[in-house]
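Thank you for making the time this morning. I would like to take you through a few local details of one structure, so please have the sequence and the coordinates open while I talk.

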Amino acid sequence: MINDYPQVVTIAGSDSDGSAGMQADLLTFFAKKVYGATVITACVAGNSFGIHAGVNMEPDFIAQEFKDLADDFKIRAAKTGMLADSKIINSVADNYEKYDFGPLVVDPVIITKHGDMLLEQEAYDTLVKRLLPMADVLTPNFFEAVKLTGLDDQDPDFQAKAAHKLQELGAKNIMVKGRHDSDDQTEVTDYVLLEDGSTFTLTGPYFNTTHKNGTGDTLSAAITAELGLGKSVEEAIRSGKKYVDACIKNGIDVGHKFGPINHWA
């Protein structure tokens, strides 16, 4: 039957070197055996040394992408990635409210894993106001959770407190990823708060490697794929964590500096 096959969509930017963004999402969808569609929000030119140019899509174009997918496909789950400015964020939120694309996984691309800010203040404010309350699953990295909550990152209970505060902001299920900015650490622990109030942690090894580009994109894409396959949020998160760890552990030697993870893992 037409449209019986699981279909999901990534709403994100294109990364020309293939390590992150939409390309990482599509590789993850392929590995998870779901059909991946795209709503492109921006294009960046870059490689393993860095990003060197970028172009944002106009809101009208983004709206047309949503309409065309809704007219022809049965999207069962979706995720957002890098949304560069307020116009784009508002366009995505408006269209997600208009069309039924299933549960939404929001990867709040605000701050890098090293703590560098990616969004201007206006875009950040719009993301918090419009997109966070729409998130069925929210997957901030450690520094994004700090920025979003304003809590003390030295508090040993930071992740738990941050997750509850993010739930108060409207997100249903929250995965606060563990801090991983020290070469001395051996493990990373993520904290998960589900909509029903239950919690659990996921601890995995810390891999000291320069090939980690697209880790956050891949995690949120893997969760989206599992939701598209009909899995519960908890099952999707656990599976996503396991997949990403395997992708990092079984690396791929591509790029001279900060390379990708291995989606074939």
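Let me begin with D153, which, if we leave out residues up to four places away in sequence, touches F142, V146, F158 and R179. I should say at once that this is a predicted model, and everything that follows should be heard with that in mind. As for where this residue sits, D153 belongs to the loop that runs between helix 5, residues 142-149, and helix 6, residues 158-168. One of its contacts, F142, is 11 residues away in sequence, and the C-alpha atoms of D153 and F142 are 8.5 Å apart in space. Beyond those contacts, the side chain of D153 also makes a polar contact, at 3.2 Å, with the side chain of Q154. Is D153 buried, exposed or partly exposed? Its relative accessibility is 24%, and because the buried class is limited to values under 20% and the exposed class to values over 50%, D153 counts as partly exposed.

The second residue I want to discuss is H211, which is found in the loop between strand 9, residues 199-205, and helix 7. Here the relative accessibility is 13%, and H211 therefore counts as buried. Which residues does H211 contact, once its neighbours within four places in sequence are left aside? They are I252, D253, V254, G255, K257, G259, P260 and I261. With one of these, V254, there is a polar contact to the backbone, since the side chain of H211 reaches the backbone oxygen of V254 at 3.2 Å. The side chain of H211 makes a further polar contact, at 3.3 Å, with the side chain of T210. For a sense of scale, H211 and V9 are 202 residues apart along the chain, and their C-alpha atoms are separated by 25 Å.

That loop leads us to helix 7, and to the way it packs against helix 1. The axes of helix 1, residues 21-31, and helix 7, residues 215-228, come within 8 Å and cross at roughly 40°, and the two helices are therefore oblique to each other. The crossing of helix 1 and helix 7 is right-handed. On the side of helix 1 the contact is made by G21, A24, D25, T28 and F29, and on the side of helix 7 by D217, T218, A221, A222, T224 and A225. Taken by type, the residues of this contact divide into 5 nonpolar, 4 polar and 2 charged.

Notes. Residues are numbered from 1 along each chain as its sequence is written. This is a predicted model: local features need pLDDT of at least 70, side-chain atom pairs count only at pLDDT 80 or more; totals for chains, interfaces and linings use all residues. Side-chain values use heavy atoms; hydrogens and water are left out. Axes are lines fitted to C-alpha atoms, for helices over the stretch in contact, and angles run from 0 to 180 degrees between N-to-C directions. Helices (H or I, at least four residues) and strands (E, at least two) are DSSP runs, numbered from the N terminus. Angles under 35 degrees count as roughly parallel, over 145 as roughly antiparallel, 65 to 115 as roughly perpendicular and the rest as oblique. A crossing is left-handed if the near helix is turned anticlockwise from the far one by less than a right angle, and right-handed if clockwise. Contact means heavy atoms within 4.5 Å. Ala, Val, Leu, Ile, Met, Phe, Trp, Tyr, Cys and Pro count as nonpolar, Asp, Glu, Lys and Arg as charged, and the others, Gly among them, as polar. Buried means under 20% relative accessible area, exposed over 50%, partly exposed in between (1.4 Å probe, protein chains only). A polar contact is a pair of N or O atoms within 3.5 Å; within protein, one must be able to donate a hydrogen and the other to accept it, and residues adjacent in sequence count only if both atoms are side-chain atoms.
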